[in-house]
Amino acid sequence: MFLQILVGSGLILLSVFVAALGFLMLELVLQRAHTWLIREPHRPKLALVLFGAVLAVLWMITAGVWIWAIAFRSLGLFVHFEEALYFSLESFTTLGFGDLLLPEKWRLLSGFAATNGLLNIGMMTALLMEVLRHVRRTQIESRHM
């Protein structure tokens with residue numbers, strides 16, 4: 001049980017760290033594009049920022065799913081990588097079909113994967129909203145200068 005807790009906690013931390021790196025990269029891109037973003041026209045640029053932020057978020061969530069899948073396969077919990085990836089995605093999104101299960105001595109990991117998915121998806125939703133709010137606020141403030 002303690003090994004599962006240690007492994008699950010480590011995988012959550014790794015997944016959050018990778019997401020933080022993705023957030024840092026997104027922040028650097030937005031910082032470099034700041035001057036361009038505040039010039040008119042604003043709406044097409046805001047749509048482009050939304051598109052880019054969604055791609056970044058998808059990348060961060062996908063990276064988390066792959067981290068778990070690689071761990072499941074490395075631990076020998078699934079014979080084929082496709083099964084590990086499927087179970088990881090199913091757990092991460094809390095879909096839980098139940099057609100694939102972890103062996104009983106590792107079943108706590110599925111709860112950790114689901115917790116990680118909820119955490120990452122919540123963080124990414126907040127990130128999307130913050131990016132859009134920040135860009136739009138900056139655009140509006142630039143009109144008043």
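## Exercises on salt bridges and chain shape

In this predicted model, the side chains of Arg133 and Glu130 meet in a salt bridge, with 2.6 Å from N to O.

**Exercise 1.** Determine where Arg133 and Glu130 lie and how many residues apart they are.

*Solution.* Begin with the secondary structure: both Arg133 and Glu130 belong to helix H5, where they are 3 residues apart, which is about one turn of the helix. Then turn to accessibility, where partly exposed covers the range between 20% and 50%. Arg133, at 40% relative accessibility, is therefore partly exposed, and Glu130, with a relative accessible area of 36%, is partly exposed as well.

**Exercise 2.** Establish which parts of the chain are linked by the salt bridge of Arg143 and Glu40.

*Solution.* The side chains of Arg143 and Glu40 meet at 3.2 Å, N to O. This pair links distant parts of the chain, since Arg143 sits in helix H5 (residues 108-143) while Glu40 sits in the loop between helix H2 (34-38) and helix H3 (43-74), 103 residues away. As for accessibility, Arg143 is partly exposed at 46%, whereas Glu40, at 52%, counts as exposed because exposed means over 50%.

**Exercise 3.** Decide whether the protein chain is a compact globule or more spread out than one.

*Solution.* First, the protein chain holds 5 helices and 0 strands. Next, its radius of gyration is 19 Å, well over the 15 Å that the globule rule gives for 145 residues, so the chain is more spread out than a compact globule. Finally, the C-alpha atoms fill a box of roughly 65 × 25 × 20 Å along the principal axes, and buried residues make up 39% of the 145 residues.

Note on methods:
Residues numbered from 1 in each chain as written. Predicted model: local features only at pLDDT ≥ 70, side-chain atom pairs only at ≥ 80, totals over all residues. Heavy atoms only, no water. Helix = DSSP H or I, 4+ residues; strand = E, 2+ residues; numbered from the N terminus. Rg over C-alpha atoms; globule rule 2.2 N^0.38 Å. Buried < 20%, exposed > 50% of the residue type's maximum accessible area, 1.4 Å probe, protein only. Salt bridge = Lys/Arg side-chain N within 4 Å of Asp/Glu carboxyl O.
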